[in-house]
Every structure is written in C-alpha cells, then in structure tokens.
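Here is a small set of exercises on helix packing, sheet order and ligand surroundings. Have the structure open as you go, and try each task before reading its solution.

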Amino acid sequence: MTKQSNTALITGASSGIGWELAKIHAKKSGDLVLVARSRDKLDALKLELEAQYGISATVIAEDLSKPGAAQRIFDETQARGITVDVLINNAGFGGHGLFHEQNLVNIQAMMQVNMATLTELTHLYLKGMVQRKRGRILNVSSTASFMPGPLQAVYYATKAYVTSLTQAIAEEVAVDHVTATALCPGAVATGFVAAGNLEGVDIWKQAKSAQSVAQFGYGAMERGELVAFNEGKLKFLLNWVVPLLPRKTMLKMSRQAMEKA
Ligand SMILES: NC(=O)c1ccc[n+]([C@@H]2O[C@H](COP(=O)([O-])OP(=O)(O)OC[C@H]3O[C@@H](n4cnc5c(N)ncnc54)[C@H](OP(=O)(O)O)[C@@H]3O)[C@@H](O)[C@H]2O)c1
C-alpha cells in the first residue's frame, strides 16, 4: 500500500512559532515546504530536520509582501509535483505606534503579508484539498483579532480578518473533510517583538514560549478546532467579558495593554 502523503507548507518557518511548527510536523514524519525571506535560516532548518527525521523539506525563499508571491509559491510546488496536505499560514508581523504616524509602505506590506497573501495561498491550495476530500489549514491569528487595537491598529485589524475568514471557510469546507483552524495566541517570546518595535510593552514580560504555542496550535489543527486559544484566561476574557464592556472602556483598556513602560 502506498503511504498517504503528509506535506505541510509553512510560511514564516525561519523563526519563532513557524520554526517550531516545522519541527513538530517533521517529528511526525511529515514532509515540509518551508517559506520565508531568510533562505539561509530555511536551508539550515531543512538540513537539521532531514537529518534528524528522515523527511524531505523544500525551501522556497519568497517575500510575501510582494504581490504575486502566493502564485509563485503555488507554481513552484506544482512544478515539483508536491501535494500540500497541510497549509500553515503563519508568517506575519505587527508594528507599534499611532496609525497616522506609521510608515504607509510598512502598513501596506503588513496588510499584504498578514491578509492578502494568506488569502491567496488559502485559495490556491484549498481547491486541491476539497477535490481530494482531505486537508488541514492552520492560520496563525491572534487574541488581537477580538478587539480593535489602538497603537497597533492595522495589526489588530489584519488579525480580525484572519479569524473571520478562517471560520467562514471552515464552515464551507467541513462537508469536504477539510478543516480550518485559527490559532489565537497571546504574547509569545519570538522575533515578533523586535520586528514590530514592541520592546517595552508589558504583556511580553509574561510571554509564552514559541514551542508551547506551536505544540498547542498543531494539536488544535489536528483536532479540527475552529478557534484555538492557548491561554484559558484570555479565552474567557475575550469571549465573555470584552464583548460586554462599553466600547470606549474596552478601547482604553486595549490601548493600555499596548503602551510602553
Ligand atoms: N509573538 C507574538 O506575541 C504573537 C502573538 C500572537 C500572534 N502572533 C503571530 O504569530 C505569527 C508568527 O510570528 P512569530 O511570533 O513567530 O514571529 P517571528 O519570530 O518574527 O516570525 C515571523 C515569521 O514571519 C516571516 N515573515 C515576516 N515577514 C515576511 C515577509 N515579508 N515574507 C516572508 N516571510 C515573512 C519571518 O521570516 P523572514 O524574516 O525570514 O522573512 C518569520 O519566519 C505571526 O502571524 C504573528 O502575527 C505572534
């Protein structure tokens, strides 16, 4: 009997949560397509995981903020005859500061990486999953997706989009045995803090490890969960307290959480 393929394409695999997700998938004997800008880091991860777990990893170095990136990645996997059974849209970044003072080019890149490319990759790979009646999608969203975020306005809005899109798609393709999961972590200790100029923001003092969040998220994806929170306290607050707060109070609290010390 031929072995069923189990290839995961992971964006943002060069660091943080994506790096850890790649390790978890390889440990389960799954092949990988590793995507990010940093080719050297992806090459190092490929060598490590191939040697340790006997899997096959393909590196695709792409800047996901560039229009057409998703199509180029899809074309490359097609040309190499790779079937993507698991799509993990993990790449993303934030940015601290007042909306009107932020660099517009950076804002556009953030929207492209966090939303547009994620949407395009999902569209391109989901069709095959539906045809095969088998597949999993894990979109790395955030607890930020449950409220507006003064001082990280665009980032929070992009994550609201991701959690919304993921749930709607999950409902559409449940009949086809394909699952879509939105992973919603709180603060995680990764390169995200430096990349988004978030040093000094208090909530990262209690950040969880990328390894623990990846382990939790991968499990939630396997179970086909819809929206997965790795922190029970945040799950409770966001589902049962935040929606009941007066909006202006909620916005002030949300802003406070992003103020620098
Ligand atoms: N850390 C947190 O507190 C936290 C909380 C909630 C949700 N999240 C989400 O978790 C996901 C992973 O972030 P992380 O915390 O693991 O941060 P990270 O360590 O900074 O990793 C981000 C990954 O995204 C990739 N990436 C960024 N911009 C890219 C671009 N233009 N093109 C291609 N790849 C790009 C980076 O690779 P290259 O630089 O090599 O391109 C890197 O591999 C993100 O979606 C983030 O929003 C993080």
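**Exercise 1. The shell around the ligand**

Task: Find which helix gives the largest share of the shell around the ligand, then describe the shell by class.

Solution: Start with the helices. The largest share of the shell comes from α1, with three residues. Helix α6 (192-195) joins α1 among the elements that each supply at least two residues. Please keep in mind that this is a predicted model. Next, look at the residues that come nearest: out of 27 around the ligand, these are Gly12, Gly16, Arg37, Ser38 and Gly92. Finally, sort the shell by class, which gives 13 nonpolar, 12 polar and two charged residues.

**Exercise 2. Helix α1 against helix α7**

Task: Work out whether α1 is oblique or roughly parallel to α7, and list the residues that make the contact.

Solution: Two packed helices are described by the angle between their axes and the distance between those axes. Helix α1 covers residues 16-27 and helix α7 residues 210-222; their axes lie 8 Å apart, at an angle of about 55 degrees. Because of that angle, α1 is oblique to α7. The crossing of α1 past α7 is right-handed. Now go through the contact: α1 brings Gly16, Ile17, Glu20, Leu21 and Ile24, while α7 brings Ala210, Gln211, Val213, Ala214, Gln215, Gly217 and Tyr218. Classified, the residues of this contact between α1 and α7 are seven nonpolar, four polar and one charged. Gly16 of α1 takes part in this contact and is also one of the residues that come nearest to the ligand.

**Exercise 3. Helix α1 against helix α2**

Task: Turn to the other partner and state how α1 and α2 cross.

Solution: The axes of α1 and α2 come within 10 Å and cross at roughly 25 degrees. Angles under 35 degrees count as roughly parallel, so α1 is roughly parallel to α2. This crossing of α1 and α2 is right-handed too. From α1, the residues Trp19, Ala22, Lys23, Ala26 and Lys27 meet Leu45, Leu49 and Tyr53 of α2. The contact of α1 with α2 has six nonpolar and two charged residues, and no polar ones.

**Exercise 4. Helix α4 against helix α5**

Task: Decide how α4 and α5 are oriented to each other, and say which classes of residue their contact has.

Solution: Helix α4 (residues 104-132) and helix α5 (residues 153-173) have axes that come within 9 Å and cross at roughly 10 degrees. The two helices, α4 and α5, are therefore roughly parallel. Among the contact residues of α4 are Ile107, Met110, Asn114 and Leu118, and those of α5 include Val154, Tyr161, Leu165 and Val173. By class, the contact of α4 with α5 has 14 nonpolar and four polar residues, with no charged ones.

**Exercise 5. The sheet**

Task: Write down the strand order of the sheet and name its edge strands.

Solution: The order is β3-β2-β1-β4-β5-β6-β9, an open sheet of seven strands with parallel pairing. Its edge strands, β3 (57-61) and β9 (227-229), each pair on one side only. Neighbouring strands in this sheet are turned against each other by 15 degrees on average, direction ignored. For one pair in detail, take β4 (residues 86-89) and β5 (residues 135-140), which are joined in the parallel sense by four bridges. In β5, Leu138 is the bridge partner of Ile88. To finish, place a helix on the sheet: α2 (residues 39-53) lies across β2 (31-36) and β3, and runs at about 175 degrees to β3.

How values were computed: Residues numbered from 1 in each chain as written. Predicted model: local features only at pLDDT ≥ 70, side-chain atom pairs only at ≥ 80, totals over all residues. Axes fitted to C-alpha atoms, helices over the stretch in contact; angles between N-to-C directions. Parallel < 35°, antiparallel > 145°, perpendicular 65-115°, else oblique. Left-handed = near helix turned anticlockwise from the far one by under 90°. Contact = placed C-beta atoms within 7 Å. Nonpolar A, V, L, I, M, F, W, Y, C, P; charged D, E, K, R; others polar. Pairing = 2+ DSSP bridges. Near = placed C-beta within 6 Å.
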